[in-house]
Each structure stands twice: as structure tokens, then as C-alpha cells.
Amino acid sequence: MGNTIDNKKLEIIKKFKPINDIFFEVLADDAAFCQEILRVILEDDKLIVHDVKVQKDVRNLMGRSVRVDVLCTLGDGTLCNIEVQRANNDNHFKRIRYNAACITASETEIGSRFENVPNVIIVYISEFDI
């Protein structure tokens, strides 16, 4: 009986691709996974990921809030949002810009100088060319 359940689970898992939201969420919960992806995409083999928050809510009291797929803090303090997107049904450039603005605003201390505003990188992985 146990083998049958394991085989059924395996068949379901085989259908997943890393770009599937639920599968990516499980994979991205591992800092080493995020670090490897970012090292390859950003072409920096020394990049370090210190912290990973999966499905992080970025609240905006005056407007639209966002839920980012993954928010990483890199070794130099840079924030990196990794987004995976399968649907091509919106203005993705504006979505990227909005996410970066919300992350920047939520992670910046009130009254801080602009030179202290955190750097934010958005890595947007899609099945289509935006």
C-alpha cells in the first residue's frame, strides 16, 4: 500500500516544473537553492544569500499591497526579489517596477537619507518573453 501512495505522489511531482508556484515555493524555501539560482543569473559565483522569505507580504497602507514569491537578503545587504510568472496577462514591466518600489518603501527606515535606501534587484523568471 505504501508503495502505491509513493508512486502516485511521484507521478504528480513529475508533472511539476520549477516555474509552478507551489513547487517553486518549496524549492525556494532553501537558501542554498536561491543562492545557486542567483549566482547563475547574476553571474556572481561569490554571491551569498543570508536570508530567504517565501511568499512575503509587502503591505501598503495607502494602496495596493503585494505578495512577492521570494525575498532574499544578500551578503552585501542588497534585497533581491525572485518572481516566477507563467501567465502573460498583465503589464509585467509595471508589475516589476511596482514590486521594487513597494519593497524599497517597506524596507527603508522613516527619515533615513536616500543614500541609505536599500538596493533592490528583481529577478523575473517567466515562460514568455516580456
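At what angle do α2 and α3 pack, and how far apart are their axes? The points below take this up along with the rest of the predicted model.

1. **Helix pair.** The angle between α2 and α3 is about 105°, and their axes lie 7 Å apart. Angles of 65 to 115 degrees count as roughly perpendicular. The two helices are therefore roughly perpendicular to each other.

2. **What the helices touch with.** On the α2 side, the contact uses Phe24, Leu27 and Ala28. On the α3 side, Phe33, Cys34 and Ile37 take part. By class, the contact residues come to six nonpolar, no polar and no charged.

3. **Overall layout.** The protein has four helices and four strands. Read from the N terminus, the order is α-α-α-β-β-β-α-β. The C-alpha trace spans about 60 × 35 × 30 Å along its principal axes.

4. **Burial and contact range.** Of the 130 residues in the protein, 28% are buried. Take the contacts with a separation of 6 or more: 53% of them join residues 24 or more positions apart.

5. **Main core.** In soluble globular proteins, nonpolar side chains tend to be buried together. Here the largest nonpolar core holds 16 residues. Leu38, Val70, Cys72 and Ile82 have the most contacts inside this core. At least two core residues come from each of α2 (21-28), α3 (31-41), β1 (49-58), β2 (66-74) and β3 (79-85). The core thus draws on both helices of point 1.

6. **Ile82 in detail.** Which residues does isoleucine 82 touch, not counting those up to four places away in sequence? The partners are Phe24, Cys34, Leu38, Asp69, Val70, Cys72, Val123 and Ile125. Two of these, Phe24 and Cys34, also belong to the contact between α2 and α3.

7. **Second core.** Apart from the core around Ile82, there is a second, separate one of seven residues. Its members include Leu71, Leu79, Cys102 and Ile103.

8. **Cysteines.** How many disulfides does a search of the whole structure find? The count is zero. Cysteine 80 is in no disulfide, and the nearest cysteine sulfur, on cysteine 72, is 5.7 Å away. The cut-off for a disulfide is sulfur atoms within 2.5 Å. Cysteine 80 has 0% relative accessibility, so it counts as buried. Cysteine 102 is in no disulfide either; the nearest cysteine sulfur, that of cysteine 80, is 16 Å away. Cysteine 102 is buried too, with a relative accessible area of 9%.

9. **Glutamate 43.** This residue is not a glycine, yet its phi is positive, at about 50°. Where is glutamate 43 placed? It sits in the loop between α3 and β1. Its relative accessibility is 73%, so glutamate 43 counts as exposed.

10. **Glutamine 55.** Here again a residue that is not a glycine has a positive phi, of about 50°. Glutamine 55 lies in strand β1. Its relative accessibility is 24%, and the buried class ends under 20% while the exposed class starts over 50%. Glutamine 55 therefore counts as partly exposed.

Terms used. Residues are numbered from 1 along each chain as its sequence is written. This is a predicted model: local features need pLDDT of at least 70, side-chain atom pairs count only at pLDDT 80 or more; totals for chains, interfaces and linings use all residues. Side-chain values use heavy atoms; hydrogens and water are left out. A nonpolar core is a set of buried Ala, Val, Leu, Ile, Met, Phe, Trp, Tyr and Cys residues joined through side-chain atoms within 4.5 Å. Buried means under 20% relative accessible area, exposed over 50%, partly exposed in between (1.4 Å probe, protein chains only). Contact means heavy atoms within 4.5 Å. Axes are lines fitted to C-alpha atoms, for helices over the stretch in contact, and angles run from 0 to 180 degrees between N-to-C directions. Angles under 35 degrees count as roughly parallel, over 145 as roughly antiparallel, 65 to 115 as roughly perpendicular and the rest as oblique. Ala, Val, Leu, Ile, Met, Phe, Trp, Tyr, Cys and Pro count as nonpolar, Asp, Glu, Lys and Arg as charged, and the others, Gly among them, as polar.
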